[in-house]
Amino acid sequence: MYEIRIHSRGGQGGVTAARLLATAALHDGKFATACPFYGAERRGAPVVSFVRIDDRPIKVYSQIHEPDLVVVLDASVMDVVDVLHGLKTGGRVFINSAHPREFAGFAAHHADLTGIALKENLVVSGSPILNTPVIGALAKLGIISPGSATSAIREMFADERNVRAAEAAYREMIV
Amino acid sequence: MRKIATGNKAVAEAVKQARPDVVAAYPITPQSEIVETIAEYIATGKLESQFIPVESEHSSMAACIGASIAGARTFTATSSHGLAYMHEMTNWAAGARLPVVMVNVNRALAPGWNIWAEHSDAIQERDTGWLQVFVSTVQEAYDTTLMAFRIAEHTDVLLPVMVNLDGFTLSHIMQPLDTVEPGDFIPPVHTPHPVDPAHPGGYGTITGPADQFRFRYEMERSMQQAKAVIGETEQEFARRFGRAYGAAEEYRAGDADVVVVALGTLGKEAEVAVDILRNEGIKAGSVRPRWFRPFPDLDLAGKEVVVIDRDYSFGFGGVLAHAIRSKNLTKVYSVIAGLGGQEVTYDDIAEFVRHRRIGEEFWFGVNDRV
């Protein structure tokens, strides 16, 4: 089972990213569950979502304590949250950033999701949309196939700018 | 068609396909997504039904009762305080033999103010005459909601059914969902004595000491008959759609020396603990009662039993543990865990089994030893 923890702030689309990721995994013929951790958070507060992907039906409901991959949609949450907490040995980090970031002991990848979203004018209520470009980045990491990333986005969004943003993230990210 | 859906959305989809004539509901976390989605189906013409917005849950059940007396198929959903507020009317729906279907998203009762999973809300309705079923996956929530209408409206049952799913843990998790085309799986509703202005009659008139017990006895007779109806409904569902669950779901329990008994998502996650324990050489299994009323006949003979209760009866103990003890005349290790959404992992469940002390009670997170 592959376990992913997504860190973001309330309203940034972490939950939708989890849903897209699970849907894409389903399109890949795998089993997947996605669950936000519902606490007392409100818009702007640091939040986490969990995604599990496996070849067999998933029976686990508890939170992910030892993820294989940590996704950071908003680097500012690192000021208040230890995003590496419990990350498995050999685990990876993906961060939304225009520049490379170091995470001692872990392989780190980055893409400028915010820049990509702004370039496509994917902005809602003043906030750049990160949940569709991140799916392209995670396809580049091999978590899901590029075709399923696209079909999952199209299943949820009619606006093709979302697909273009995901493709841009896939292209621009260096693995 | 397979898609990713939350437990709440799966329920709403099943209700849409069951085509209730009347839906009366009041929103409450974590159930609101169910009635919001159904209201949207009705507003956009995807479901032809009458949505009655009400000012309270007491009224939503009262509206379902009125509509059901008139012969309508009815649905409502609630949680926690909403269910508690309904309590007078849940008794009435069952006593009047009305096949109302309700989904209750299990949530703790305040104080402290807590919106997370606990079974106490449903357990407090245990003795009202409602059939109660606890589900453990998004797929099972969908399938069971469809089956609930057929079971409730069956002439051998004619009692309301409450489908329970764990707040947030199941109501908000996204899992794969295969939807079906129900076709005539749920036949049209025919209640035996619908209101008919051409033939006026009395409903709920005073019933004296010479008769009241007869109505109670008939409720219990129907509750027992419901066991067969549940079985037939499951068989028919399996024949048409290829899925079945049973009155209780067993996992590696046949040759097990020790079994975990738990309701809902804890009962499903227990299966992961069972695999871990088996790898350690402990012959573990799990039994997840789906139906709580009517309570299923479980074969636990010769096994040690660890019961996890996500509820509590103060001054007595875990309610599921009590049911297992009295129905199976066996001692159990009674674990109280998961109250108010307390995190319980499969590792925790494995620990309960490893350190079981049959005959004792253990409060997870409170007692200083496992």
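## A helix across the sheet of chain B

In this predicted model, helix α3 of chain B, made of residues 57-69, lies across three strands of the chain, namely β2 (22-25), β3 and β4 (74-78). Relative to β4(B), helix α3(B) runs at about 165 degrees.

The strands beneath this topic belong to an open sheet of seven strands in chain B, whose order is β3-β2-β4-β5-β7-β6-β12, with mixed pairing. The edges are taken by β3 (50-53) and β12 (291-293) of chain B; each has a single partner strand, so one side of each is left without a neighbour in the sheet. From one strand to the next, the twist averages 20 degrees. As background, strands of a sheet pair through backbone hydrogen bonds, either parallel or antiparallel.

## Strand β7 and its partners

Within the sheet order, β7(B) stands between β5 and β6. Strand β5 of chain B, residues 101-106, pairs with β7(B) in the parallel sense over six bridges. One such position is B:V101, whose bridge partner in β7(B) is B:V161.

Strand β6 of chain B (residues 131-134) also pairs with β7 of chain B (residues 161-166) in the parallel sense, over four bridges. Here B:V133 stands opposite B:V163 of β7(B), and B:F134 has B:N164 of β7(B) as its bridge partner.

Is β7(B) enclosed or open to its surroundings? Six of its six residues are buried, so β7(B) is largely enclosed by the rest of the structure. Its side chains divide between two directions: B:V161, B:V163 and B:L165 point one way, while B:M162, B:N164 and B:D166 point the other way, and all are buried.

## Chain B as a whole

Chain B contains ten helices and 15 strands. Its C-alpha atoms fill a box of roughly 70 × 55 × 45 Å, taken along the principal axes. For 370 residues, a compact globule would have a radius of gyration near 21 Å; the value for chain B is 20 Å, which agrees.

Of the 370 residues of chain B, 52% count as buried. Among contacts in chain B between residues at least 6 apart in sequence, 79% join residues at least 24 apart.

## Where chain B meets chain A

How many residues of chain B are in contact with chain A? There are 18, and they are in contact with 15 residues of chain A. Three elements of chain B, β1 (2-6), β8 (174-178) and α8 (264-279), each supply at least two residues of the side that touches chain A. Helix α8(B) gives the most to this side, with five residues. By character, the residues on the side of chain B that touches chain A divide into eight nonpolar, five polar and five charged.

## A helix of chain A

Helix α5 of chain A comprises twelve residues, 161-172. At 1.5 Å a residue, this helix should span 16 Å; its end C-alpha atoms are 16 Å apart, which agrees.

The buried residues of α5(A) are A:N162, A:A165, A:A166, A:A168, A:A169 and A:Y170. Their cover includes β6 (107-111), α2 (113-119), α3 (133-140) and α4 (146-156) of chain A. In general, an α-helix has 3.6 residues a turn, so residues three or four places apart point the same way.

Terms used. Residues numbered from 1 in each chain as written. Chains lettered and ligands numbered in written order. Predicted model: local features only at pLDDT ≥ 70, side-chain atom pairs only at ≥ 80, totals over all residues. Rg over C-alpha atoms; globule rule 2.2 N^0.38 Å. Buried ≥ 20, exposed ≤ 12 C-beta atoms within 10 Å, placed from the backbone. Contact = placed C-beta atoms within 7 Å. Nonpolar A, V, L, I, M, F, W, Y, C, P; charged D, E, K, R; others polar. Expected span 1.5 Å × (residues − 1). Pairing = 2+ DSSP bridges. Axes fitted to C-alpha atoms, helices over the stretch in contact; angles between N-to-C directions.
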